[in-house]
Amino acid sequence: MNTWKYCCDLFDYLPLAALIEGRIFCVSSGISPDLPYIDHIQLLDRNRELPIEGPIADLIYSDPRGENVTWFETSPRGAGYLFGHMASARFNRLNGLELIARSNQTCMDGFERWHDGQVITIFSAPNFKYRVGNSAAVLNISSSLKQQIHTYTSNRP
């Protein structure tokens with residue numbers, strides 16, 4: 001077996017999400033209508049290739065949207081959902097959360113807040129694909145859960 005295969009296999013065992021101090025839900029992309037409670041994530045069969053549909057795909061591919069989406073709508077990505085402010089508010093309320101922190105979406109300023117601050121996207125790849133021209137960001141969370149965003153740009157053209 002080669003190194004590439006080992007690395008790919010390793011990804012099938014990485015966690016789908018993390019929880020900081022029981023208050024900040026960290027996920028690749030978003031939430032799922034099939035997973036109203038964080039505890040339900042532990043019941044998923046994670047140790048496999050990522051599917052293109054179902055709750056695992058929703059966590060990996062779902063994106064927040066503005067005022068025109070309130071709950072969940074089909075995503076144009078072909079996987080996951082678009083989720084609105086009511087979906088975020090319900091998920092945060094049911095799970096006692098302050099924030100959903102996610103990353104899987106390009107932001108020109110490196111970060112973007114959604115749904116009255118209930119969701120934040122942090123994008124850490126400056127000048128994505130060497131042509132987008134976006135900034136990047138890192139979210140620092142202190143022991144008191146104070147959030148500080150650091151932005152930076154690429155030094156490459």
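Here is a short conversation about the packing, cysteines and backbone of this predicted model.

User: What should I know before reading the values?

Analyst: This is a predicted model, where local features need pLDDT of at least 70, side-chain atom pairs count only at pLDDT 80 or more, and totals for chains, interfaces and linings use all residues. Residues are numbered from 1 along each chain as its sequence is written, and side-chain values use heavy atoms, with hydrogens and water left out.

User: Which helix or strand gives the most residues to the largest nonpolar core?

Analyst: A nonpolar core is a set of buried Ala, Val, Leu, Ile, Met, Phe, Trp, Tyr and Cys residues joined through side-chain atoms within 4.5 Å; buried means under 20% relative accessible area, exposed over 50%, and partly exposed in between (1.4 Å probe, protein chains only). The largest core has 17 residues, and those touching the most other members are Leu16, Phe25, Ile31, Ile41, Leu59, Phe91 and Ile100. At least two residues each come from β2 (24–27), α2 (55–61) and α3 (85–95), where helices (H or I, at least four residues) and strands (E, at least two) are DSSP runs numbered from the N terminus. The top contributor, with 3 residues, is α2.

User: How many disulfides are there?

Analyst: A disulfide is a pair of cysteine sulfur atoms within 2.5 Å. The sulfur of Cys107 has its closest cysteine sulfur in Cys26, 15 Å away, so the two are too far apart for a bond. By this rule, the count is 0.

User: Is the pair of Phe123 and Phe128 stacked or edge-to-face?

Analyst: Rings of Phe, Tyr and Trp (its six-membered ring) pair if their centres lie within 6.5 Å; planes under 30 degrees apart count as stacked, over 60 as edge-to-face and the rest as tilted. The structure holds 3 aromatic pairs. In one of them, the ring centres of Phe123 and Phe128 are 5.3 Å apart and the planes meet at 85°, so this pair is edge-to-face.

User: Is Phe123 buried or exposed?

Analyst: Its ring partner Phe128 has 30% relative accessibility and therefore counts as partly exposed. Phe123 has 9% relative accessibility, so this residue counts as buried.

User: Is Asp116 buried or exposed?

Analyst: Asp116 sits in the loop between β7 (111–114) and β8 (119–122), and its phi is near 55°, a positive value in a residue other than glycine. Its relative accessibility is 80%, so Asp116 counts as exposed.

User: Is Leu145 buried or exposed?

Analyst: Leu145 also has a positive phi, about 70°, although it is not a glycine. It lies in the loop between β9 (136–141) and β10 (147–152). With 14% relative accessibility, Leu145 therefore counts as buried.
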